[in-house]
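Student: Could you walk me through the pocket in this one? I'd like a close look at what lines it, and then how it sits in the chain as a whole.

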Amino acid sequence: MAGKHSAGVLLFRRNSDGAAEVLLGHMGGPFWARKDLGAWSIPKGEYEPETEDAEAAARREFAEELGLPVPAGTWLPLGEVRYSGGKKILTVWAVEGDLDPAAVVPGTFQLEWPPRSGRLAEFPEVDRAEWFDTATARDKLVAGQRPCLDRLAELLAD
């Protein structure tokens, strides 16, 4: 059985001390509303590899989730990570750039809420975006995406 494919962009910038900070989005919807640690994500989304290029999907999903285009910059491949029991493959690029989290206008999704109510409610894909130093980002980020931080640190150390 083929797994699901997602692609995303880990936007990073350097603070006044030269240390990297990454932009993460807090996952929207009722399940994540009261969670913080492990409830943030790299802006990403699913795509069909047979019909769309992963980099194009990463660019599209970033814009859909945050309502803003990926800032101009060099795309540094961070490779793939597998999570959700190995059934989901996430391909990520790092891009150095800046973005004002207050300018984020997230896309939305519909979900039956409350469960089994028959009513559809609309929720933001991300309910907020913030910059974090990499140590804090490690705690905030969903576990399956944490290897991307390690790969970014390796790239920046070279």
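Tutor: Here's the pocket, followed by the chain around it. Keep in mind that this is a predicted model.

Start with the space itself: the largest pocket has a volume of about 360 Å³. Its lining is made up of 19 residues. If you want to centre your view, go for Met 27, Ser 41, Lys 44, Glu 65 and Lys 88, which lie nearest the middle of the pocket. By chemistry, the lining splits into seven nonpolar residues, five polar ones and seven charged ones. As for secondary structure, strand S4, covering 44-47, gives at least two residues to the lining, and so does helix H1, covering 54-66.

Now zoom out to the fold. The protein chain has nine strands and three helices. Reading from the N terminus, the order is β-β-β-β-α-β-β-β-β-β-α-α. Among contacts with a separation of 6 or more, 64% join residues that are 24 or more positions apart.

What about overall dimensions? Along the principal axes, the C-alpha atoms fill a box of roughly 55 × 35 × 25 Å. The radius of gyration is 16 Å, which agrees with the value near 15 Å for a compact globule, because that is what the rule gives for 158 residues.

On the surface side, 41% of the 158 residues count as buried, meaning under 20% relative accessible area. The accessible surface of the chain comes to about 8500 Å², and carbon and sulfur atoms hold 51% of that.

Key: Residues numbered from 1 in each chain as written. Predicted model: local features only at pLDDT ≥ 70, side-chain atom pairs only at ≥ 80, totals over all residues. Heavy atoms only, no water. 1 Å grid on protein atoms, 1.4 Å probe; cavity = no way out; pocket = protein on both sides within 12 Å on 5 of 7 lines; lining within 4 Å. Points joined across faces, edges and corners; volume = space filled by probe spheres on them. Helix = DSSP H or I, 4+ residues; strand = E, 2+ residues; numbered from the N terminus. Nonpolar A, V, L, I, M, F, W, Y, C, P; charged D, E, K, R; others polar. Rg over C-alpha atoms; globule rule 2.2 N^0.38 Å. Buried < 20%, exposed > 50% of the residue type's maximum accessible area, 1.4 Å probe, protein only. Contact = heavy atoms within 4.5 Å. Areas by Shrake-Rupley, 256 points an atom, 1.4 Å probe, with all protein chains shown as cover.
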